[in-house]
Amino acid sequence: MILVTGGAGYIGSHMVKLLLEHNYEVIIFDNLSMGHRASVPEHVPFIKGDLNNHDQITQVFKKYAIKAVMHFAANCYVGESVNHPQKYYHNNIIGLIHLLDAMREANVKNLIFSSSCAVYGRPPKRLIDEKTVREPISPYGRTKFFSEKIIEDYSMAYGLNYILLRYFNVAGADGDGKIGEDHKPETHLIPNILRHLQGKQKEITIFGNDYPTTDGTCIRDYIHVTDLVEGHLYALSNLLHKKLNREAYNLGTGRGYSILEVVQKCELITRKKALIQYKERRPGDPPHLVANTRKALKELKWKARFEMDDMIHSAWHWFLKHPDGYPIDKDGR
Ligand code: UFG
């Protein structure tokens, strides 16, 4: 059985779907602080629990025969982490330690960890490879960097097997339109642009147009969520078959888009005109983050298949089908 923490969240729910399609048995542990009960398939065991509660996570390992953990449950907003570091250190670091300790107690040795390109900070090279020095510039990035270090130390001391996956900017939705991105509040670029074009927000705010980039706005490497979870599946299979261990991989496309380019693409696909408002730079944002994807291709044999247009099309499809996001369930999520 594969334990997916955060399996009711945006990326976690896409992971669960893919695991089920590949006949893995799955169990979800999620506190529903950001996730949605409605995104969980009915037949999948779901435990509403919090990683900050050691007992709750320990019980899961006592009850189920877990072979590997895919750990998605964490807070992920760069901007928010600057103002609320306590939330990030508690949930991302202490939560991880409880999970690792519960794994140790139950002798579960395999971990796929959701890391981030935020660990690289303001990288010196245009294309970031995995050997680039990790010097995060936001509390969020630091929680991912410290998490990587904790996992490395647990591995050396206790024989934990792991693969760290460093995500670039995840976007889009599954092709069947049943699961997608529904963050409350939403801070990510593509959903915010599409929500605006859908008439749900009166404008799109761009944080900073004085960066040292071609048009002055930040450049990011956007990756389709379907590609991203496929990368996880490859990593999991390699870990379980003992082909790869103690490795880190960038999951990106290797192609950067400025914020203005993304806005233009969204306008073209939705055939609507955006109203842009420029504001100050958002604290914690590096100007340019684009992956060197060679290592993932060579070792995981994985490569992103989808383009920016596919991400926007699939996200737009999801938003049109779910104008108010997921239905609220009895847990209030
Ligand atoms: N941005 C805007 N307006 C918005 C939203 C975002 O201008 O309404 C800008 C941001 O300032 C940033 C860029 O668009 O320059 C991308 O911002 P996102 O919030 O979409 O994504 P981030 O790069 O801040 O962070 C995301 C994830 C992190 C992950 C990171 C990797 O939230 O978990 O991608 O770059 F680490």
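A polar contact is a pair of N or O atoms within 3.5 Å. In this predicted model, such a contact joins the ligand to Asn169: an N or O atom in the side chain of Asn169 sits 2.6 Å from an oxygen atom of the ligand. Because the cut-off is 3.5 Å, this pair, at 2.6 Å, counts as a polar contact.

The protein backbone takes part as well. An oxygen atom of the ligand is found 3.0 Å from a backbone N or O atom of Phe207, and a polar backbone atom of Thr187 is 3.4 Å from an oxygen atom of the ligand. Taken alone, the ligand would expose 680 Å², and the protein buries 94% of that area.

What surrounds the ligand? The shell is made of 22 residues, with Ser116, Asn169, Thr205, Arg282 and Asp285 the closest. Sorted by class, this shell holds 13 nonpolar residues, six polar ones and three charged ones. Two or more residues of the shell come from each of helix H6 (189–197) and strand S8 (204–207). Strand S8 contributes the most, giving four residues.

A look at another strand, S11, adds to the picture. Strand S11 spans residues 247–251 and is mostly covered, with four of its five residues buried. Its pairing partner is strand S6 (residues 161–167): S6 and S11 run in the parallel sense and are linked over five bridges. One bridge can be followed residue by residue, since Arg166 has Asn250 of S11 as its bridge partner.

Technical notes: Residues numbered from 1 in each chain as written. Predicted model: local features only at pLDDT ≥ 70, side-chain atom pairs only at ≥ 80, totals over all residues. Heavy atoms only, no water. Near = heavy atom within 4 Å. Polar contact = N/O pair within 3.5 Å; in protein donor to acceptor, adjacent residues only side chain to side chain. Areas by Shrake-Rupley, 256 points an atom, 1.4 Å probe, with all protein chains shown as cover. Nonpolar A, V, L, I, M, F, W, Y, C, P; charged D, E, K, R; others polar. Buried < 20%, exposed > 50% of the residue type's maximum accessible area, 1.4 Å probe, protein only. Pairing = 2+ DSSP bridges.
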